[in-house]
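Please open the structure in your viewer and keep the selection tool at hand. The stops below are meant to be taken in order, with each selection made before its description is read.

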Amino acid sequence: MPRRTAAALAAAVAAPLLLAGCGSSTAPELTVSGAFMPQPVSDMAAGFLTVENTGGAGDRLTSVTSGISDEVSIHRTEGGRMTQVESFDIPAEGSLDLERGGNHIMFMALKERPEEGDTVSVELHFEKSDPITVDVPVKAATHNPEH
């Protein structure tokens, strides 16, 4: 096979492989789903949601803010014990699940107590990505979605 033909064949084979790499993102690409807050029965409430990352780089949830409370924090639950944390990892092409019995958002000293059917606006803050505002529906105090 002539040298020029071999080079053309190699380029034809390599081009799709190089182009395939161009479509993948090396930045986090975050979306939020499944958000809910059980109706509070005291001056505290919890929030639950999933942050999905379809990007090629990880990120971190660093804080949550909301007009319903000046004291919003993120908590890890291990062995039935709740501990406030500075951040949660969101892996590349993975997700962060904040769910009942596990990691969650904690709202302390509520300014008002939302009722079932209301929505609570929260803003999620990340290490790399822009903040995401989520309208969190208030569900029955016993609400626990199927997984």
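Strands here are DSSP runs of type E with at least two residues, and they are numbered from the N terminus. Please bear in mind throughout that this is a predicted model.

**First stop: E123 and its surroundings**

Select E123, which you will find in strand 9, covering residues 119–126. Is E123 buried, partly exposed or exposed? The relative accessible area of E123 is 28%, and because buried means under 20% and exposed over 50%, E123 counts as partly exposed. If you now show the side chains of E123 and H125, you can follow a polar contact of 3.3 Å that joins them. Leaving aside residues up to four places away in sequence, E123 touches S63, V64 and T65, and it also touches P131, I132 and T133.

**Second stop: S66**

Keep E123 visible and add S66, whose C-alpha atom is separated from that of E123 by 6.3 Å, although their positions lie 57 residues apart along the chain. S66 belongs to strand 3, which runs over residues 59–66, and with a relative accessibility of 12% it counts as buried. Its side chain reaches the backbone oxygen of S121 at 2.9 Å. When residues up to four places away in sequence are not counted, the contacts of S66 are V72, F107, V120, S121 and V122.

**Third stop: the nonpolar core**

From S66, move to its contact F107, which is also one of the residues to select in the largest nonpolar core. That core has 27 residues, of which L61, I105, F107 and L124 touch the most other members. Centre the view on I105 and display what surrounds it: not counting residues up to four places away in sequence, I105 touches A45, A46, G47, L49, V64, V72, S73, I74, L98 and L124.

**Fourth stop: the aromatic pair**

Which residues should be selected to see the one aromatic pair that the structure holds? They are F36 and F48, whose ring centres are 5.2 Å apart and whose planes stand at 35 degrees, so the pair is tilted. The pair links distant parts of the chain, with F36 in strand 1 (residues 30–38) and F48 in strand 2 (residues 45–53), 12 residues apart. Both F36 and F48 are buried.

**Fifth stop: the salt bridges**

The last selections concern salt bridges, of which the structure holds three. Begin with R60 and D89, where the closest N and O atoms are 3.0 Å apart. R60 lies in strand 3 and D89 in strand 6 (residues 88–90), so this pair ties together parts that are 29 residues apart in sequence. D89 is partly exposed, with a relative accessible area of 48%, and R60, at 31% relative accessibility, also counts as partly exposed.

R60 forms a salt bridge with E127 as well, the closest N and O atoms there being 3.8 Å apart. This pair links R60 in strand 3 to E127 in the loop between strand 9 and strand 10 (132–139), 67 residues apart.

Finally, select D70 and K111, whose side chains meet in a salt bridge of 3.0 Å, N to O. D70 lies in the loop between strand 3 and strand 4 (71–78) and K111 in the loop between strand 8 (104–108) and strand 9, so the pair ties together parts that are 41 residues apart in sequence. D70 is exposed at 66% relative accessibility, and K111 is exposed with a relative accessible area of 52%. To close the tour, select R60, D89 and E127 together, since salt bridges that share partners join these residues into one network.

Note on methods: Residues numbered from 1 in each chain as written. Predicted model: local features only at pLDDT ≥ 70, side-chain atom pairs only at ≥ 80, totals over all residues. Heavy atoms only, no water. Core = buried A, V, L, I, M, F, W, Y, C linked by side-chain atoms within 4.5 Å. Buried < 20%, exposed > 50% of the residue type's maximum accessible area, 1.4 Å probe, protein only. Contact = heavy atoms within 4.5 Å. Helix = DSSP H or I, 4+ residues; strand = E, 2+ residues; numbered from the N terminus. Polar contact = N/O pair within 3.5 Å; in protein donor to acceptor, adjacent residues only side chain to side chain. Phe/Tyr/Trp six-rings, centres within 6.5 Å; stacked < 30°, edge-to-face > 60°. Salt bridge = Lys/Arg side-chain N within 4 Å of Asp/Glu carboxyl O.
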